[in-house]
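Student: I would like to learn how to read a binding site and the empty space in a protein model. Where should one begin?

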Amino acid sequence: MKNYQGIVFDLDGVICSTDRFHYLAWKKLADRLGIPFDEQVNNRLRGVSRMDSLEIILEKSPRTYTQEEKEKFAEEKNAAYRELLGEMSPADLSVEVRDTLDTLRFRGYLLAIGSSSKNTPFILERIGLGNYFDAVSDGNNISHSKPDPEVFLKGAEMIGLDPEVCAVVEDAHAGVEGAVRGGFACAAMGDARDDPRAQWHLNSFSDLKDIFL
Ligand code: B16
Ligand code: MG
């Protein structure tokens, strides 16, 4: 195997799970606007930026909205979402994820985050990983969302490594695509586990310990 030196982790769905909170917050907004929204639509939002997610939800809207209205809706959703995130604590970080990260770090890998979420610093702080990663690249420092590779390229740059010596861990098809387009090998899990573009297919996060020795 190639000599990998760094790993860039997606956040939601990889390090922790805030799917349910995204769903509840979008559902609240969709209900208020009278737009049908279910788990199936929610699945399409995985890894996608906030504004792009809103556009997907509005596909089923009987009317159109101005950019200003859309920005208000996104803010409204985010306020509801952050209220739910406030309930998270270090107990929401699984022992498996913590132990695997510690093992990879001990083996000398540089560890970075590559997430579409603008709430990344808040989520990391809530789950007790506020100062853990060597670099955090997220929705706040990019102009193109996944499937664009920007967030991963910036993450690798922050840890001073080229994509060829970094792997990305992702749970969204949009993220796997971004990783591959950026020249990274990708370990896919969760919803995207069987994505053929990924090099490794994880049944569980701790499988990383058998790959990155
Ligand atoms: P925010 P990830 C993504 O995080 C989520 O999967 C996606 O559902 C969400 O819309 C996106 O972050 C933006 O989140 O509204 O908090 O900026 O999977 O890339 O870590
Ligand atoms: Mg994700």
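Tutor: We take the ligand site and then the enclosed space. Keep in mind that this is a predicted model.

Student: Which residues are closest to ligand 1, and how many surround it?

Tutor: A shell is read by listing the residues near the molecule. Here 17 residues surround ligand 1, and the closest are Val48, Ser115, Ser117, Lys118 and Asn119.

Student: How does the shell divide into nonpolar, polar and charged residues?

Tutor: There are 4 nonpolar, 7 polar and 6 charged residues in the shell around ligand 1. Both domain 1 (6-17 + 89-211) and domain 2 (19-85) supply at least three residues each to this shell.

Student: Which polar side-chain atom lies 2.7 Å from an oxygen atom of ligand 1?

Tutor: Polar contacts are read as pairs of N or O atoms within 3.5 Å. In this model the 2.7 Å pair joins an oxygen atom of ligand 1 to a polar side-chain atom of Ser115. For Ser53, an N or O atom of the side chain is 3.4 Å from a ligand 1 oxygen. Leu45 takes part through its backbone, with a polar atom 3.1 Å from an oxygen of ligand 1.

Student: How much of the accessible area of ligand 1 does the protein cover?

Tutor: On its own ligand 1 has 470 Å² of accessible area, and the protein covers 97% of that. Ligand 1 sits in the largest pocket.

Student: Where is empty space left?

Tutor: A probe the size of a water molecule, rolled over the atoms, shows where empty space is left. The structure has 1 cavity of 30 Å³ or more. The largest cavity holds about 30 Å³ of space.

Student: Which residues line the largest cavity?

Tutor: Its lining consists of Pro36, Val41, Arg44, Ile56, Ile57, Glu59 and Lys60. By class, the lining has 4 nonpolar, no polar and 3 charged residues.

Terms used. Residues are numbered from 1 along each chain as its sequence is written. Chains are lettered from A and ligands numbered from 1 in the order in which they are written. This is a predicted model: local features need pLDDT of at least 70, side-chain atom pairs count only at pLDDT 80 or more; totals for chains, interfaces and linings use all residues. Side-chain values use heavy atoms; hydrogens and water are left out. A residue is near a molecule or strand if one of its heavy atoms lies within 4 Å of it. A polar contact is a pair of N or O atoms within 3.5 Å; within protein, one must be able to donate a hydrogen and the other to accept it, and residues adjacent in sequence count only if both atoms are side-chain atoms. Accessible areas come from the Shrake-Rupley method with a 1.4 Å probe; for residues, only the protein chains shown count as cover. On a 1 Å grid over the protein atoms alone, a cavity is a set of points where a 1.4 Å probe fits but cannot get out, and a pocket is an open set with protein on both sides within 12 Å along at least five of seven lines; lining residues have an atom within 4 Å of a point. A molecule sits in a cavity or pocket if more than half of its atoms lie within 2 Å of its grid points. Ala, Val, Leu, Ile, Met, Phe, Trp, Tyr, Cys and Pro count as nonpolar, Asp, Glu, Lys and Arg as charged, and the others, Gly among them, as polar. Domain bounds come from an automatic or database domain assignment. Grid points are joined across faces, edges and corners, and a volume is the space filled by probe spheres set on the points.
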